[in-house]
Structure formats: structure tokens, C-alpha cells
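Thank you all for making the time. I would like to walk you through one model this morning, and I will keep to what can be read from its coordinates.

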Amino acid sequence: MYPINPDRDQLVVSKLSNRFGNAIESHEVLSDMLCITVKKESIQSILLFLRDDQELQYNFLTTLCGMHYPEKEQLGVVYHLHSFVNNHRIRIKTVTELNDPKIQTITTIWPAANWMERETYDFYGIEFEGHPNLKRILNMDEMTDFPMRKDFPLEDQTREDKDDSMFGR
Amino acid sequence: MSENQIITPTIADMPDGTSGQGYFATSLDKAVGLARKNSLWPLPFATSCCGIEFMATMASTYDLARFGSERLSFSPRQSDLLMVMGTVAKKMGPVLREVYIQMAEPKWVIAVGACASSGGVFDTYSVLQGIDRIIPVDVYVPGCPPRPEQIIDGILKIQELVGNESLRRRNSEAYNDLMEKYNME
């Protein structure tokens, strides 16, 4: 079970607010974990601060992944950070417009983000500015779609044997 | 299979022909077909659980060797029968096609299981919806995964095709048209 630590949550929020001010848009505790939404222009400096601050030391990037909000026409990225020193985890979210999905790379902070960002690009089409090798990692290179976007049809469109009447459609 | 059942090795049936004292005459087609069908060298292209069933098919209980296929070939150049067993991702498609092209004629293909035959439950962006979209298939074995008995049945169906194939089939117009359909020479 993940240890809940409201004091540390509060510390992270106040330190970030003091340092970055308006770049911190909102914060809430979701599923027992602090989740902070920040402006995409500051994502690199915020994550670098979280890693290098002597009190916080979020030295480990657990994962990062894309998000798609079709109703808001937005794409986003969520970063899961873990401080081994303090045994504390947080989530950082940032969003970008669907028609211009660009977010700064964090491969400069954690080299491990390289493949994660490639995967996020592969499935959501988010372009990570400054990424050393941003190309598809899992899907075939010829693919033009971004299959984890919610407007992507779930079923293969080239199947001819699927009779809609058999599936109650 | 019951334990006390004795399996006697069978000898392939003699094809139609004329026999007399000390000789037997038949057509070249039939003699070649007889030889080919009882010495198939399968190339297992196993990508998922159907491949596990195939391992059981090759092992002692089911023993595919009884049908003349004990020698698996892991080189496409030396094999007659491509056995595609399992889900083939779209990214794997060109690899499978290359393997098929590298096989020497005459060659046969068996699609084992729902995934290889039609994509199966993986009706999704990353999975090839049946290998017959990229290479011609001779026999489809249904099942998810099929039991070894079904795979053996598929092999027997292939043997039937191999044994009855005319020597000139691979030069026929129909065959060339089929290859052309798949953009192969």
C-alpha cells in the first residue's frame, strides 16, 4: 500500500507555488496521490526542480504517458515521479492543444524518458521538442494514425467478414 | 489416447499403377507426390499459444514424426511447409512474407489457429487480420488454440494436397495469377 503523507504533499505544493507561481495551475489528491497540473511551458524546469531540490529529491521517473481529452480538443502528458529518499510519489500533468501538440522533452533530465516519449508520440502524436530520436517505437513506421486517441476506431477497418447484423449493430 | 493402445508404424499406401512380378509402374506425378507428402519439412513460424500446441504435436504423445515430418527446418530455404501458428502483428507481416518468398518451390502454407487465419479476437490496429492478406494459404486450422489432433488433421489435409498436386501446377496460369495477386513473381 502506498503511504499517504499529507505533510509532504503540502510541502511540494508550497515549494512549487513559491518557485513557479502561475505556472502551477491546480492540484488535487486523486487516488491517494498528489496530482499537480502545470503549464506546459514550464514542464522542463519544474521537473528539473523536483529532481534537484534537496528537500524533495524526486529522483526517479516511474513512467510518463499521454492523455486525450476529445471534448476539450486537448492532448496531455502525465509524469509519475518517485522520491526514493522520502518514499513519496506525485503525478505531474500538463496539457497541450490538439492541433499543435508540442511539449518540451525531459530526456535531458531523465534519459529513461527517451523510449517513453517515443511511445507517447507513437500512440498520441505528441511531439516532444528537443527529443534526440522522435520516431515510432512500437507500431510500424508506415502507420499514419495515432491509435490511442479516442477518435481512432477500435476495430480494424479492413475486416470484411464482420457482418454488423451478427454483432447487434 | 489410451495407454495400452499399440501404435503400429504404417507404410504409405501404394498409388494406383500396374504391378507384376518384380516391378511396379505408376505415373511420375504419383510417385513424386507420394515421396513429397511423406517427407514434409515444416518451418514452424510460431508466435504465440498455437506454437505451444505445436510443440505438443511434435512431442512424443502426438508425435508428428509418424507422418513423416520429424525434421523441422528452421531455414526457409530447406522447408516445404510453412506453419504459421499464432498472432501476426502488422509489423511482423513483411518478415513473414520474406520467409515465404525465401522458401523454394514447391511450398505449402498452413494457418494454425484463429489469429493466423483471421486475426482472431485481436481485431485491432496492430494485428494482421489473417495471414492470407500477405501470403497464399493452403489449409486453415480453426481453434483458439487448436488441439494437437486438429493440427495433425491440418497436416493430413496438406498431405492430401501435396500427394495429389500435379507436377505442372506451379507452372500453371492459375498459380501465376495467384502469385501475382500477392505481388510475388
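I will begin with how the model is to be read, then take chain B as a whole, its core, one strand, and finally the contact with chain A.

This is a predicted model, in which local features need pLDDT of at least 70 and side-chain atom pairs count only at pLDDT 80 or more, while totals for chains, interfaces and linings use all residues. Residues are numbered from 1 along each chain as its sequence is written, and chains are lettered from A and ligands numbered from 1 in the order in which they are written.

On confidence, pLDDT being the predictor's confidence in each residue from 0 to 100, chain B averages 90, and 95% of its residues score at least 70. For the complex, the predictor gives an ipTM of 0.74 and a pTM of 0.82.

Chain B has 6 helices and 6 strands, where helices (H or I, at least four residues) and strands (E, at least two) are DSSP runs numbered from the N terminus. In order from the N terminus, these elements run β-β-α-β-α-β-α-β-α-β-α-α. The C-alpha trace of chain B spans about 65 × 50 × 25 Å along its principal axes.

What, then, is the largest nonpolar core made of? A nonpolar core here is a set of buried Ala, Val, Leu, Ile, Met, Phe, Trp, Tyr and Cys residues joined through C-beta atoms within 7 Å, and a residue is buried if 20 or more other C-beta atoms, placed from the backbone, lie within 10 Å of its own. The largest has 33 residues, and those with the most contacts inside it include B:Leu82, B:Val84 and B:Ile110. Among the elements that give two or more residues to this core are strand S3 (42-46), strand S4 (81-85) and helix H5 (148-164) of chain B.

Let me stay with strand S3 for a moment. Because 4 of the 5 residues of S3(B) are buried, this strand is largely enclosed by the rest of the structure. S3(B) and S4(B) run parallel and are joined by 5 bridges, with B:Ala46 standing opposite B:Met85 in S4(B).

Lastly, the interface: 9 residues of chain B are in contact with 8 residues of chain A, contact meaning that the C-beta atoms, placed from the backbone, lie within 7 Å.

Terms used. Two residues are in contact if their C-beta atoms, placed from the backbone, lie within 7 Å. A residue is buried if 20 or more other C-beta atoms lie within 10 Å of its own, exposed if 12 or fewer, and partly exposed in between; C-beta atoms are placed from the backbone. Two strands pair if DSSP finds at least two bridges between them.
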